[in-house]
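Student: I am new to this structure and would like a close look at one part of it. Please take a single helix, say what it packs against, and then follow its surroundings outward.

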Amino acid sequence: MPKSAPELQKLRVHPPLPEPCAKSDVGKAYSRSACVRQNPQWPPSPSPKKWVCFDPLFMPQLEIKNLRVAIGENEIIRDLSLSVGLGEMHAIMGPNGSGKSTLAKVIAGYPDYKVTSGEVLMDGENLLDFEPDERARRGLFMAFQYPSEVPGVTIANFLRAAVQSRLPEGEELEATDYYAKLYEKMDLLEIDRSFTSRAVNEGFSGGEKKRCEILQMAMLEPRYAVLDETDSGLDIDALKVVANGVNSLRGPNLGVLLITHYQRLLNYIVPDFVHVMVHGRMVRSGGKELALELEEKGYDWIRDHAEEPVAA
Ligand SMILES: Nc1ncnc2c1ncn2[C@@H]1O[C@H](COP(=O)(O)OP(=O)(O)OP(=O)(O)O)[C@@H](O)[C@H]1O
Ligand SMILES: [Mg+2]
């Protein structure tokens with residue numbers, strides 16, 4: 001059985017995290033880079049760099065529990081629960097205005113939204129307790145439906161600062177290593193090298209912005225990523241490039257929540273689970289075939305059966 005949320009909340013997790021350890025490793029102290037979670041019972045902490053191997057029964061996941069979110073008087077998310085395990089790809093579909101982007105923004109830490117109840121746990125820690133930058137440092141990545149422009153800051157400098165901020169204190173990012181990785185990822189996403197000296201998203205086409213978002217994800221190597229309509233504005237070739245980029249990052253150490261309207265994206269990024277959100281609730285969850293059913297039947301048949309929320 002996984003540990004209960006209150007138990008896990010007491011424990012501190014630090015990315016980057018290795019594979020779950022063997023039972024024989026539990027309780028052993030490791031260097032910070034090899035650690036999984038700090039044991040609060042480790043008195044007095046011999047060094048902040050010492051961490052204790054985690055319980056193999058602990059299930060790393062991004063867990064949204066009974067979340068309610070309001071904007072002003074308007075309740076947008078109504079008792080929503082969803083768990084994204086590390087290594088899993090979850091797609092969320094649903095009609096316009098059902099609250100998908102609101103959910104993504106609450107996970108990322110947008111200030112406009114009031115969480116009236118519920119929790120968002122990342123590997124047991126309540127993300128709602130942290131500022132957005134701290135969430136990112138802990139391994140959360142968010143690709144927005146409408147990425148912002150950052151005038152005057154080049155992609156190369158922006159990403160370098162972002163990657164540097166994720167390193168343990170005192171560790172310096174080597175310029176040669178950084179550029180080697182940046183160029184490798186840009187080639188993968190078929191982004192022209194000239195983009196490194198362009199300001200982030202300034203004057204980018206819709207498709208270029210989306211590729212740039214995935215480039216950020218590739219460089220930051222998050223533990224959990226929320227991708228909000230990463231397919232919108234992409235032509236079919238760009239869609240394949242972006243999907244290849246996402247697929248190349250897939251693996252046991254990445255959990256993804258992919259928000260999309262289109263089945264065609266899910267032909268390229270095949271999800272493990274599909275959830276349907278209507279009026280701020282998950283009303284149905286299933287495998288990848290659920291997306292095909294939606295494509296065929298639209299949302300009405302689900303709205304008709306959407307009286308009660310389901311746990312996803
Ligand atoms: N900042 C805000 N102020 C007021 N209302 C908002 C705000 N953000 C979201 N809403 C409202 O919340 C509802 C859900 O919006 P949201 O953007 O989450 O929907 P969505 O499911 O992402 O839709 P789409 O598929 O069109 O992207 C909408 O009715 C929207 O108008
Ligand atoms: Mg949206």
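Tutor: In this predicted model, the buried residues of helix 9 pack against strand 7 (89-93), helix 8 (263-268), strand 15 (273-278) and strand 16 (281-286). Helix 9 covers residues 289-297, and its buried residues are Leu-290, Ala-291 and Leu-294. Viewed down the axis of helix 9, these buried residues fall within an arc of 100°, so they line one face of the helix. The spacing follows a general rule: an α-helix has 3.6 residues a turn, so residues three or four places apart point the same way. On the other side of helix 9, Glu-289 and Glu-296 are exposed. Just after helix 9 comes Gly-298, which takes a positive phi of about 75°.

Three of the partners just named are strands, and they belong to one sheet. That open sheet has 6 strands in the order 10-13-14-7-15-16, with mixed pairing. Its edges are strand 10 (140-143) and strand 16, each with a single partner strand, so one side of each is left without a neighbour in the sheet. On average, neighbouring strands of this sheet are turned by 20° against each other, direction ignored.

Strand 15 deserves a closer look. On one side of strand 15, Phe-273, His-275 and Met-277 are buried, and on the other Val-274, Val-276 and Val-278 are buried, which leaves both faces covered. This split fits another general rule, that in a regular strand the side chains alternate between the two faces of the sheet. With 6 of the 6 residues of strand 15 buried, the strand is largely enclosed by the rest of the structure.

Strand 15 pairs with strand 7 in the parallel sense, over 4 bridges. In this pairing His-90 stands opposite Phe-273 in strand 15. Strand 15 and strand 16 run antiparallel and are joined by 5 bridges. Here Val-274 stands opposite Gly-286 in strand 16, and His-275 stands opposite Ser-285 in strand 16. The two strands form a hairpin with 2 residues between them, where His-279 takes a positive phi near 50°.

At the edge formed by strand 10, another helix comes in. Helix 6 (residues 206-220) lies across strand 10 and strand 13 (224-228), and it runs at about 170° to strand 10.

There is also a second sheet. It is open, has 4 strands in the order 6-5-8-9, and its pairing is antiparallel. Strand 6 (74-85) and strand 9 (125-126) stand at its edges, each with a single partner strand, so one side of each is left without a neighbour in the sheet. Strand 5 (residues 61-71) pairs with strand 6 in the antiparallel sense over 9 bridges, and the bridge partner of Glu-63 in strand 6 is Ser-83. Helix 2 lies across strand 5, strand 6 and strand 8 (114-122), running at about 70° to strand 6.

Helix 2 leads on to the ligand. Helix 2 (residues 100-108) gives the most to the shell around ligand 1, with 3 residues. The residues around ligand 1 include Lys-100, Ser-101 and Thr-102, and among the others are Ile-71, Ile-76, Gly-94, Asp-112 and Gln-145. By class, the shell around ligand 1 has 2 nonpolar, 8 polar and 2 charged residues.

Conventions:
Residues are numbered from 1 along each chain as its sequence is written. Chains are lettered from A and ligands numbered from 1 in the order in which they are written. This is a predicted model: local features need pLDDT of at least 70, side-chain atom pairs count only at pLDDT 80 or more; totals for chains, interfaces and linings use all residues. A residue is buried if 20 or more other C-beta atoms lie within 10 Å of its own, exposed if 12 or fewer, and partly exposed in between; C-beta atoms are placed from the backbone. The arc is that of the directions from the helix axis to the C-beta atoms. Two residues are in contact if their C-beta atoms, placed from the backbone, lie within 7 Å. A residue is near a molecule or strand if its C-beta atom, placed from the backbone, lies within 6 Å of it. Ala, Val, Leu, Ile, Met, Phe, Trp, Tyr, Cys and Pro count as nonpolar, Asp, Glu, Lys and Arg as charged, and the others, Gly among them, as polar. Two strands pair if DSSP finds at least two bridges between them. Axes are lines fitted to C-alpha atoms, for helices over the stretch in contact, and angles run from 0 to 180 degrees between N-to-C directions.
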